[in-house]
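Me: I have just opened this entry and would like a friendly walk through it. Could we take it one question at a time?

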Amino acid sequence: MGRKMEWAGRANHMGGLPRKIVVMAVGAFAKTVANFLNTTYVHNADALIRLVHSRPRGVPLLTVSNHMSTLDDPVIWGFKGFPSMDAKLARWVLAAEDICFKNSLFSYIFRLGKCIPITRGGGIYQDHMNEALERLSDGEWLHTFPEGKVSQEDAPIRRLKWGTASLIDRAPVTPIVLPIVHHGFQEMATSMSRDPYPCSMGWPGSDPHGLDEAARRYLYSSISEKIRNIMESLRSSCKSTWK
């Protein structure tokens with residue numbers, strides 16, 4: 001099965017104009033929600049802004065965050081000082097196919113917004129994950145929600161799915177990984193509890209590092225747990241500022 005409407009996500013599609021229009025419109029919406037309809041506090045924003053603007057040439061950026069509402073992306077990028085309306089600097093993001101790509105119109109718009117569909121039940125080696133890997137190989141910025149589903153509970157970060165870890169492992173240039181934790185967006189949208197990131201299915205028999213499936217499972221689990229621990233540390237240290 002081919003990649004869904006991949007052509008619409010290319011930078012040269014119709015000269016890039018449709019992408020610019022969508023990114024500017026969505027960016028304006030994000031800034032309105034984050035700055036005019038809510039009070040937003042951001043800690044260490046300079047780290048993200050610096051990496052988006054001026055990381056080493058050819059080095060990809062992989063941001064990961066908890067997932068509290070269907071509006072997390074794009075609203076988390078709407079804070080003051082962030083280039084949320086710049087199509088060239090905008091992130092690529094993994095998005096649930098059955099929610100964001102359920103018809104041709106949605107598929108076209110989300111593709112223009114630099115979204116990559118993830119197929120429920122397709123596993124971490126599905127073709128769309130390979131597409132995400134290609135974006136990292138190009139030195140692009142990719143955002144993921146490794147918890148795999150929306151969670152609005154004020155509770156420790158859950159065990160992370162392995163898709164993000166597999167991308168880190170397989171990327172030809174190891175990406176800069178920046179964990180992000182946010183709070184409060186659950187009050188902006190209706191929660192969706194389904195899990196768009198399925199577990200193991202379709203694991204390839206070969207690996208560029210010579211690891212068998214058992215070794216890769218251990219590696220991905222270890223990477224995921226390390227990221228989860230950092231995210232939980234951020235959540236715990238910032239919890240007092242949310243009250």
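What follows is a short conversation about this predicted model.

Me: How many helices and strands does the chain have?
Reply: Happy to start there. Read along the sequence, the elements follow the pattern α-α-β-α-β-α-α-β-α-β-α-β-α. The secondary structure comes to eight helices and five strands.

Me: And what share of the residues is buried?
Reply: A residue counts as buried when its relative accessible area is under 20%. The chain exposes about 12100 Å², with carbon and sulfur atoms supplying 58% of that area. Of the 243 residues, the buried share is 51%.

Me: What share of the contacts with a separation of 6 or more comes from residues 24 or more positions apart?
Reply: One example of distant parts meeting is the pair of F82, in the loop between α3 and β2, and W141, in strand β4, which are 59 residues apart. Across the chain, residues 24 or more positions apart account for 78% of the contacts with a separation of 6 or more.

Me: How do the rings of F79 and F82 pair: stacked, tilted or edge-to-face?
Reply: A search of the whole structure finds seven aromatic pairs. In the pair of F79 and F82, the ring centres are 5.2 Å apart, with 45° between the planes. Planes under 30 degrees apart would be stacked and those over 60 edge-to-face. This pair is therefore tilted.

Me: Why does the pair of F82 and W141 count as edge-to-face?
Reply: F82 is buried at 5% relative accessible area, and W141 is buried at 3%. Their ring centres lie 5.9 Å apart. The label applies because the planes meet at 75°, and the cut-off for edge-to-face is over 60 degrees. So the value that decides it is 75°.

Me: Which residues do ring pairs link into a cluster with F82?
Reply: We have already met F79, which is buried with a relative accessible area of 8%, and W141, also buried, at 3%. Ring pairs link F82 into a cluster with W77, F79 and W141.

Me: Which ring does the charged end of R135 sit over?
Reply: R135 belongs to helix α6, where it is one of the buried residues, along with others including M129 and L133. Just after this helix, G139 takes a positive phi of about 80°. The charged end of R135 lies 5.6 Å from the centre of the ring it sits over, that of W92.

Me: In which sense do β2 and β3 pair, and what is the bridge partner of L94?
Reply: Strand β3 is covered on both faces, with C115 and P117 buried on one side and I116 and I118 buried on the other. In a regular strand, side chains alternate between the two faces of the sheet. The pairing of β2 and β3 is parallel, over four bridges. The partner of L94 in β3 is I116.

Me: Why is there no bond between the sulfur atoms of C100 and C115?
Reply: Both cysteines are buried, C100 at 14% relative accessibility and C115 at 6%. A disulfide needs the sulfur atoms within 2.5 Å, and a search of the whole structure finds zero disulfides. The sulfur of C115 is the closest cysteine sulfur to that of C100, yet it is too far for a bond, because the distance is 6.2 Å.

Definitions and conventions: Residues numbered from 1 in each chain as written. Predicted model: local features only at pLDDT ≥ 70, side-chain atom pairs only at ≥ 80, totals over all residues. Heavy atoms only, no water. Buried < 20%, exposed > 50% of the residue type's maximum accessible area, 1.4 Å probe, protein only. Helix = DSSP H or I, 4+ residues; strand = E, 2+ residues; numbered from the N terminus. Phe/Tyr/Trp six-rings, centres within 6.5 Å; stacked < 30°, edge-to-face > 60°. Lys NZ or Arg CZ within 6 Å of the ring centre and 35° of its normal. Pairing = 2+ DSSP bridges. Contact = heavy atoms within 4.5 Å. Areas by Shrake-Rupley, 256 points an atom, 1.4 Å probe, with all protein chains shown as cover.
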